[in-house]
Amino acid sequence: MAVELAQSDEPNDDLILWILVWSELFAFGVLLGGFMVMSYLHPDSFSLAKIHLNGRLASLNTLVLIASGWLAAEAVRATTYQKRRFALVASAMLGFLFAATKVVEYQGELRFIGDATFNAFFELYFMITGFHLAHVVFLSLLMLLIARRMERSNVVLVTTVWHVIDIVWLVIFPVIYLG
């Protein structure tokens, strides 16, 4: 018999959550805005630099994050601890897969840092994607921690921030890789 999860009268932490969400969106917005300004000022070098990116791995990572986001949403909707725990752990594992794939991608791109030909493209690229990667790894670890001692409010908080970071990637991907 499955243990039901109760919808308790937990304190409302919405304000903290929304401050966190908007601060993340603001930080990534500033970084992406700077990237777009630089790409406008140096269109030739930025177009040349994009040729050296691995679009296939970035596309794979996009699919991985979409699947992970779906599992995070399932964790919130789950009606038993077992289902919720599975969804959180599976979402976190896909987060780690994203990170491993990103590290493989970085190995082919590190050699371009500091190359004047690309007018700071790779410095901005590593700053934006590295900041995103740090969020993915941290939130994946947090999901594993929460999966050990689940409270609904913590699950909602971490999965909401996870979705924000997913959405950020869905902006990063076309701006950096396709734009």
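**Stop 1: Arg77 and its partner**

Select Arg77 in this predicted model; the residue is exposed, with a relative accessible area of 52%. Then add Glu74, with which Arg77 forms a salt bridge. The closest N and O atoms of this pair are 2.4 Å apart. Glu74 counts as partly exposed, at 26% relative accessibility. Both residues belong to helix α3, which covers residues 55–77. They are three residues apart, and so about one helical turn separates Arg77 from Glu74. The spacing is relevant because an α-helix has 3.6 residues a turn, so residues three or four places apart point the same way. Side chains of opposite charge can pair when their charged atoms come close.

**Stop 2: the other salt bridge**

How many salt bridges does the structure hold? There are two. For the one not yet visited, select Glu105 and Lys102, whose closest N and O atoms are 2.9 Å apart. This pair lies in helix α4, residues 81–107. Glu105 and Lys102 are likewise three residues apart, with about one helical turn between them. Are these two residues buried or exposed? Glu105 is buried, and Lys102 is buried as well.

While α4 is displayed, select Arg84, which also lies in this helix. Arg84 is buried, with a relative accessible area of 3%. Show Leu71 together with Arg84: the two are 13 residues apart along the chain, and their C-alpha atoms are separated by 9.3 Å.

**Stop 3: the whole chain**

Zoom out to the complete chain. The protein chain has six helices and zero strands, and from the N terminus on its elements run α-α-α-α-α-α. Along its principal axes, the C-alpha trace spans about 60 × 30 × 20 Å. Colour by accessibility, and buried residues make up 42% of the 179 residues. Consider next the contacts between residues at least 6 apart in sequence: of these, 81% join residues at least 24 apart.

**Stop 4: helix α2 and its buried side**

Select helix α2, residues 43–50. Which of its residues are buried? They are Ser45, Phe46, Ala49 and Lys50. These residues lie on the same side of α2, because the arc they cover around the axis is only 135 degrees. To see what covers them, display α1 (14–41), α5 (121–148) and α6 (152–178), which are included in the cover.

**Stop 5: α2 against α1**

Two packed helices are described by the angle between their axes and the distance between the axes. Keep α1 and α2 in view. Their axes come within 5 Å and cross at roughly 110 degrees. The crossing angle therefore makes α1 roughly perpendicular to α2. To display the contact, select Phe35, Met38, Ser39, Tyr40 and Leu41 of α1, followed by Pro43, Phe46 and Lys50 of α2. By class, this contact has six nonpolar, one polar and one charged residues.

**Stop 6: α2 against α5**

Replace α1 with α5. Helices α2 and α5 pack at an angle of about 60 degrees, and their axes are 10 Å apart. The two helices are therefore oblique to each other. On the α2 side, the contact is made by Phe46, Ala49 and Lys50; on the α5 side, by Phe121, Phe122 and Leu124. By class, this contact has five nonpolar, no polar and one charged residues. Phe46 and Lys50 of α2 thus take part in the contact with α1 and in the contact with α5.

**Stop 7: His132 in α5**

Remain on helix α5 and select His132. This residue is buried, with a relative accessible area of 0%. What is His132 in contact with, leaving aside its neighbours within four places in sequence? The residues to display are Phe28, Leu65, Phe98, Ile165, Val168, Trp169 and Ile172.

**Stop 8: Gly55 in α3**

Finish in helix α3, where Gly55 is placed. Gly55 counts as partly exposed, at 32% relative accessibility. Leaving aside neighbours within four places in sequence, Gly55 is in contact with Phe173 and Tyr177. Draw a distance from Gly55 to Phe173: the C-alpha atoms are separated by 9.0 Å, while the residues are 118 apart along the chain.

Definitions and conventions: Residues numbered from 1 in each chain as written. Predicted model: local features only at pLDDT ≥ 70, side-chain atom pairs only at ≥ 80, totals over all residues. Heavy atoms only, no water. Salt bridge = Lys/Arg side-chain N within 4 Å of Asp/Glu carboxyl O. Helix = DSSP H or I, 4+ residues; strand = E, 2+ residues; numbered from the N terminus. Buried < 20%, exposed > 50% of the residue type's maximum accessible area, 1.4 Å probe, protein only. Arc of directions from axis to C-beta. Contact = heavy atoms within 4.5 Å. Axes fitted to C-alpha atoms, helices over the stretch in contact; angles between N-to-C directions. Parallel < 35°, antiparallel > 145°, perpendicular 65-115°, else oblique. Nonpolar A, V, L, I, M, F, W, Y, C, P; charged D, E, K, R; others polar.
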